Amino acid sequence: MKNIRITYLVLFVGLGLLWLLADERLGGPYEFFALRHSLVNLTGILAVGAMSLGLFLAIRPAFLESFFGGLDKGYRLHKWLGISALVLSVLHWLWIKVPKWMVGWGWLERPARRASGGEEVGALQGFLRSQRDLAEQLGEWAFYAAVALILLALLKRFPYRYFFKTHRLLAVVYLALVFHSVVLMDTAYWASPLGAVMAVLLLAGSLAAGVSLLRRIGGRRRALGHIEALELHKDNRVLGIDIRLQDRWPGHQAGQFAFVTFDPAEGPHPFTISSAWHDDGRLRFHVKGIGDYTAILPQTLKVGDPVTVEGPYGRFDFAGGKARQIWVAGGIGITPFIARLQALAGRPDGRGTDLFYSTAVPDQAFIERLQMLAGQAGVRLHVLVSGRDERLTGEHLRERVPDWREADVWFCGPAGFGRALRESLTGSGLPAASFHQELFEMR
């Protein structure tokens, strides 16, 4: 999370400082409409800068995974940038509209128009000036569209299959805002370092918009395959899906995930890979029926159905220099640990490991398989059933594993559960860097 915060701060503080250096109006005497003009530019620059970086992150650039600590962390930054762009865009719009309303109400006096002075301008500058009216109109409508689309993306109840389609429209909206920004940003800014930075951001965002519109996100990391077997655990509503790939798969580490497309109309969904890689073209996923889409998969999927798998992604890789590890899984968060158990069964790493599995709906066959895998991997398994056993807390974990301070903790499960566990353990002396948690929210 540290690099996410650093990137976020560098973007906004950096653009703000460059704007201060580039804006020529700030050194003169106070005049409301001059200040308003500067703030319109500042809020617009910050908003489109946030959208540019957010759109670039949306195409899942693999080279940034290590820097952010996984694609899940990159998507958290993508979400923060989207919210920031929304707030800044509204401020930008208000700085444009409210003074005009105040003039109409008689609260402000309209500033006198400056004479053009007959100054000579270059062909490019003249063309940009001729496009100002179009840029203003296009930018206003693009603003309304962006607000609507970002708000839809933030509504968790908005079905994923519609979110997947509507969110792509932001690429079109963004390209309209690029035109708006290029035409309307002060000419003096382009000759400053701010202009160079904005040019890079707008170019990166425009290229990302093109990749999105051409539906090439993750194109080089896709593999086609088909469903080889299905296994439904009715008690805990978990569907095991075995996939046989026909394309080359680069291999994956236990704990990584992939975007899986069963239905092109629904789009790709992220699922953790619950099998170790044996270079045989086979992958296994465990999917819990917790949403409209995942709940009907047992009825809609059939052996032989085509599947597209994109990945692998993620840095939930069980790495660390400590001789002991503690794994905590909540519900379907058990999936990365299943893959790791399979990997350890064939190649032990010599660490002492405890796995805590908390579940509200235990499935006997599922737990028996988990116990078998834990025995083969040499991992001590603790199964805690909600309503029957004591709730897993930091205090409970510390009692079960006396040398917890010397361990790396790997958590996958509900965000609130993980937050409470992290706060309890780090508050009792566990280094924050020793608690690893996947932020498995892609919207």
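Is Arg60 buried or exposed? Arg60 is buried, because its relative accessible area is 11% and the cut-off for buried is under 20%. That is one of several spots to visit in this predicted model, and the legends below take them in turn.

**Figure 1. The whole protein, before we zoom in.**
Let's start with the overall picture of the predicted model. The protein has 15 helices and 11 strands, and its C-alpha atoms fill a box of roughly 85 × 50 × 40 Å along the principal axes. Of the 443 residues, 48% are buried. Take the contacts with a separation of 6 or more: 76% of them are between residues 24 or more positions apart. On the outside, the protein exposes about 22100 Å², and carbon and sulfur atoms supply 59% of that area. As for charge, there are 49 positive and 39 negative charges, and their mean positions are 1 Å apart.

**Figure 2. An open sheet made of five strands.**
Here 5 strands line up in the order E9-E8-E7-E10-E11, with parallel pairing, to form an open sheet. Strand E9 (380-385) and strand E11 (435-437) are the edge strands, since each of them pairs on one side only. Neighbouring strands in this sheet are turned by 15° against each other on average, ignoring direction. What holds paired strands together? Strands of a sheet pair through backbone hydrogen bonds, and they can do so in a parallel or an antiparallel way.

**Figure 3. Strand E10, its neighbour E11 and a helix on the sheet.**
Zoom in on strand E10 (residues 407-412), which runs parallel to E11 and is joined to it by 3 bridges. Which residue of E11 stands opposite Phe411? That would be Gln437. Helix H15 (residues 415-427) packs on this sheet, and it touches strand E7 (324-330), strand E8 (352-359), E10 and E11. The direction of H15 makes about 170° with that of E11.

**Figure 4. Strand E3, covered and paired with two strands.**
Now for strand E3 (residues 257-261), where 5 of its 5 residues are buried. Phe257, Phe259 and Thr261 point one way from E3, while Ala258 and Val260 point the other way. Residues on both faces are buried. E3 pairs with strand E4 (residues 269-272) in the antiparallel sense, over 4 bridges. One example to look for is Phe257, whose bridge partner in E4 is Thr272. E3 also pairs with strand E6 (residues 306-313), again antiparallel and over 4 bridges. In that pairing, Phe259 stands opposite Glu310 of E6.

**Figure 5. Phe285 and the residues around it.**
Phe285 sits in strand E5 (residues 282-288). How do we know that Phe285 is buried? Its relative accessibility is 0%, so Phe285 counts as buried. Leaving aside neighbours within four places in sequence, Phe285 is in contact with several residues, including Leu239, Ile241, Ile243 and Val309. Other contacts of Phe285 include Ala258 and Val260, which you met in E3 in the previous figure. For a sense of distance, compare Tyr8: it is 277 residues from Phe285 in sequence, and their C-alpha atoms are 34 Å apart in space.

**Figure 6. Val98 in helix H4.**
Val98 is found in helix H4 (residues 71-104). Why does Val98 count as partly exposed? Its relative accessibility is 27%, so Val98 falls in between the cut-offs of 20% for buried and 50% for exposed. Gly70 lies 28 residues away from Val98 along the chain, and their C-alpha atoms are separated by 42 Å.

**Figure 7. Three backbone spots worth a second look.**
A bit of background helps here: most residues other than glycine have a negative phi, and most peptide bonds are trans. With Gly311 and Pro312, however, a cis peptide bond joins the two, with omega about 0°. Pro312 is placed in strand E6. Next comes Arg60, in the loop between helix H2 (32-58) and helix H3 (65-68). Arg60 is not a glycine, but its phi is positive, near 60°. Asp279, in the loop between E4 and E5, also has a positive phi near 60°. Which of the words "buried" or "exposed" suits Asp279? Asp279 is exposed, because its relative accessible area is 64%.

Note on methods:
Residues are numbered from 1 along each chain as its sequence is written. This is a predicted model: local features need pLDDT of at least 70, side-chain atom pairs count only at pLDDT 80 or more; totals for chains, interfaces and linings use all residues. Side-chain values use heavy atoms; hydrogens and water are left out. Buried means under 20% relative accessible area, exposed over 50%, partly exposed in between (1.4 Å probe, protein chains only). Contact means heavy atoms within 4.5 Å. Accessible areas come from the Shrake-Rupley method with a 1.4 Å probe; for residues, only the protein chains shown count as cover. Lys and Arg count as positive and Asp and Glu as negative; His and the chain ends are not counted. The place of a charge is taken as NZ of Lys, CZ of Arg, CG of Asp or CD of Glu. Two strands pair if DSSP finds at least two bridges between them. Axes are lines fitted to C-alpha atoms, for helices over the stretch in contact, and angles run from 0 to 180 degrees between N-to-C directions.
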